[in-house]
Amino acid sequence: MQSIRSNRPLTTSKLSYTIDSCSSHSAQYHPRNVMTNSPQDQGARWSSASNSQLQYITLKLDNLAIANTITFGKFHKQHPCNLKEFKVYGGLDPQNMVELLHAGLRNDAEPETFALKHITGVNRKSEMFPCLYIKVCPLLAWESNFPFSIWYIEVRGTVDPDIVHEAYWNYVNYREQQVLKLCLKHFRQRNYLSTFTSLQLQSQLSLEDPLITSLFTKLVLQGDFNEVEKILTKASSDGLFQEYISDLPYKPIWKRLDNEIDESPCKRGGHQMLIDSDTGLIYLFGGWDGTKDLSDFWTFDHHTQKWSCISDDTRKDKGPQPRSCHKMCMDPKTKQIYVLGRYVDSEQRASANLENDFWRYCVYTKRWHKISEHTARDDGPELIYDHQMVVDSKAQMVYVFGGRVITSEPGQNSLYSGLYAYCITTNTWRLILNDTSQPDNAIQLKSRIGHSMLLNSKTHELYIFAGQRKKDYLSDFYVFDLENEVVYENSRDYSKQGGPDAGFTQRATMDHELGEFYVLSGLMREKLTQQDTMKNSFWVYRIKKGKWNRIYENENVGGEYWQTMQEKEPCPRFAHQLVYDEKRKVHYMFGGNPGEIGNVNKRLKDFWELKLVRPSTKDILRRAKFYTRSQRFREMCLLQPDQPSTDSIPQVAKNIPDLETLLYLQTEVANVVDHGNEEETKDFRILATLLFQKTVSECFESEGGGVKIDRKFGVRGMGRNVFKGEVKVESGGLGRESFLGVEENRKRRGSDEKVGGMGGVPIEMDESEVGMELSTVSGPTVVADETYQSRIELFEKLLSYFPESMREPTNSLIDLVPIV
């Protein structure tokens, strides 16, 4: 699985710079003021002359550098001109920069450090992006009628010549290669094959993977549809369609399980669940039933679909006392379950035991063991609740982050716990990150409650996101590199990048094999209204692509509606639990708090199964064959034998369909149609009408002949000539010969005359003219423009099923040309 962080930590330092330019400045608030950090000085800032979104300040670095972070200093107290929203751009040229950051500052006195995008992903050897210019563009001040002000800017990065120069030349070479590849793609699309060949021979550049080139040759140049299907079948069996499938939307299928189960845990929220994917057993412990904390311990077996009570009170088994808002995790290698933390009501704290006991349960021996009476005495956390805890089985470490500290002192309800590591083999605790003191000019990972934390065991990283700090609901996303103990900021606000709204008590699970994690909503705060809400939404995050996708969302909140849905879909809730069986690809959810107005103590006991369904590799192969056979059928409609023709218009279709063509439609094409898919069924019916079409254009346009305007290809038929309406024949004719290999045409014609080529111009291409990537073509290759372009369209449709790393560039050369 690919790491979210794109490279190992660089040795960074403060980058010196000068002011290159600015949009404006007012009075004495000159842009050079941002070079000095003077938070007590009201005048030590750059202030724009207006609050329009055209304002900017551009810094020129003294040396070419990899810019990693940018820090904004502030005035010593709140100020209306602070930047509520801004963007940062960077590049080698002030007229050609890319966006490195889109974020905002809090309106307080604390400096803030942000990670700058410095990864291009363009080269396997080096992915870093060098900058010489940094441009800050204010978008919104905290008070909308005020101009923008920046007190201090500090940029940190590396100027190591070896690293920077390598990154620079890799980037320059990448851009050069991309330009050449776009040209090659354009020439091949437009059927300028000789130009394509010449450029490729001179550049010695491979446009794509050899398998893709073979697909192009067999499909577009030769029309060998049998070989095309063989290539597609092999690609499917080799798993090459998996990347495409992973980008397809999931279909959620909920199933309620508790109606079919006799014995099950009682209603509760704030409980804990985990799953052992090796055995398929789910473990549930504790929670709050609306009146009291619980200490019962249960297991669910997916094979028998039954709950079993291990203990109705773990205290009887020398285990932990009743608790809620605790955390529980399992070491999959040793089958040891760890339990830490609990909530104590504020009214009881003065007299309650506030020691943070730490427990271990052995699945094999079915016995509890108290590891520690109070972890704080062992250099671990104080008593906490609503924290997160995971086990790194390989390293034999337990990581605990966040949560609110419980103390008996009044007014101390806003203390948060940091990031701790517990070594299982040595039975020792260590504080990694303190919430109140973290390194200056570094990404600040602030503690919180009700957040999510996942361990990526393949990359040895923690993913920490969302939650609540004080009164703020969060939508940030951080990556903690466990090997180097470095924090990376993935996103300051992923709701602005197509992700969920800021959330609290959402539940997250992870699939290491698929390289994605899932988030089920809890309490949320709407972006526009800033109102607290609770609605069902389920999201997936693709780690490799850094992309959020919403699987589904149900915004209904009425009690009457959810009463009708109680057997179809779980109602919105928080304080629930969700676990994921990674081997069987199934989620399970139990209980929670529905947040019912007027009934604050109501808790749930419903138990649900969730399956996320996507098309399979078999489905994609079938669809690819449907598109391929549809193209073959269209061309067969133009190949009716022994057709009479005039000097100007070939009669390439009969009023009575050819039997072979009709049988191909009824058998080969029909066999790969998904008749449950309305769109495919419609396309199949349209194919049948082509049996009676009479021109080339009519066979490739569902609504008859004429020139098609296409965004990708412009006027379809472009090449050496533009077809307008019906196909005309010159010297040698175009007719059906243009749609077959030359040798087969000669056999049918019984002649050695040359076959008419594109646009009626007689051409004949031998193997040497086709090019080094097309050298697999056997014999002369001649394809009419209409057929060539329709095959190109099919080729690019099939191309989307293959991994991006194997394909030609997705961009178009034409799109780079401005309209005005």
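The expected span of a helix is 1.5 Å times one less than its number of residues. In this predicted model, helix α1 offers a direct test of that rule. Helix α1 covers residues 161-189, and its 29 residues should span 42 Å at 1.5 Å a residue; the C-alpha atoms at its ends are 41 Å apart, which agrees.

The start of α1 is capped by D160, whose side chain places an oxygen 3.0 Å from the backbone nitrogen of D162. Just beyond the other end of the helix, N191 adopts a positive phi of about 75 degrees. Along α1, the buried residues are V164, A167, N170, Y171, K181, L182, C183, L184, K185, H186, R188 and Q189. An α-helix has 3.6 residues a turn, so residues three or four places apart point the same way. The elements that cover the buried residues of α1 include the strands β4 (57-73), β5 (83-93) and β10 (152-158), together with the helices α2 (193-203), α3 (210-221) and α13 (785-799).

The wider setting of this helix is a protein chain with 13 helices and 41 strands. Of the 820 residues in the protein chain, 54% are buried. Among contacts between residues at least 6 apart in sequence, 64% join residues at least 24 apart.

Attention now turns to the nonpolar interior. The largest nonpolar core contains 30 residues, and I70, F72, F86, I150 and I153 are those with the most contacts inside it. At least two residues of this core come from each of β4, β5, β6 (96-103), β8 (131-141) and β10. The greatest contribution is that of β4, which gives seven residues. As for I150, once residues up to four places away in sequence are set aside, this residue touches V34, R45, W46, I57, F72, L83 and V136. A second core, separate from the one just described, has 29 residues, among them V220, A624, L794 and L799.

The strands also form local arrangements that can be followed pair by pair. Strands of a sheet pair through backbone hydrogen bonds, either parallel or antiparallel. Strand β14 (residues 293-301) runs antiparallel to strand β15 (residues 306-311), and five bridges join them. Within this pair, F297 stands opposite S311 of β15. Four residues lie between the strands in the hairpin of β14 and β15, where Q305 has a positive phi near 60 degrees.

Further along the chain, four strands make up an open sheet with antiparallel pairing, in the order β21-β22-β24-β25. The edges are held by β21 (388-392) and β25 (428-433); each has a single partner strand, so one side of each is left without a neighbour in the sheet. From one strand to the next, the twist averages 20 degrees. The edge strand β25 is joined by five bridges to β24 (residues 419-423), and the two run antiparallel. In this pairing, C423 has T428 of β25 as its bridge partner.

The loop between β21 and β22 (397-401) contains Q396. Is this residue buried or exposed? Q396 has a relative accessible area of 12%, and because a residue under 20% counts as buried, Q396 is buried. The side chain of Q396 makes a polar contact of 2.7 Å with the side chain of D331. A polar atom of the Q396 side chain also lies 2.9 Å from the backbone oxygen of S393. Apart from its neighbours within four places in sequence, Q396 is in contact with D331, K333, T334, Y422, C423, I424 and T425. One of these, C423, is the residue whose bridge partner in β25 is T428.

A final group of strands centres on β38 (residues 586-592), in which seven of seven residues are buried. This strand pairs with β37 (residues 577-581) in the antiparallel sense, through five bridges. Within that pair, L578 has M589 of β38 as its bridge partner. The hairpin of β37 and β38 has four residues between the strands, and K585 takes a positive phi near 55 degrees there. Strand β38 also pairs with strand β39 (residues 604-613), again in the antiparallel sense, over six bridges. In that pairing, Y588 stands opposite E609 of β39.

Conventions:
Residues numbered from 1 in each chain as written. Predicted model: local features only at pLDDT ≥ 70, side-chain atom pairs only at ≥ 80, totals over all residues. Heavy atoms only, no water. Buried < 20%, exposed > 50% of the residue type's maximum accessible area, 1.4 Å probe, protein only. Pairing = 2+ DSSP bridges. Contact = heavy atoms within 4.5 Å. Polar contact = N/O pair within 3.5 Å; in protein donor to acceptor, adjacent residues only side chain to side chain. Axes fitted to C-alpha atoms, helices over the stretch in contact; angles between N-to-C directions. Core = buried A, V, L, I, M, F, W, Y, C linked by side-chain atoms within 4.5 Å.
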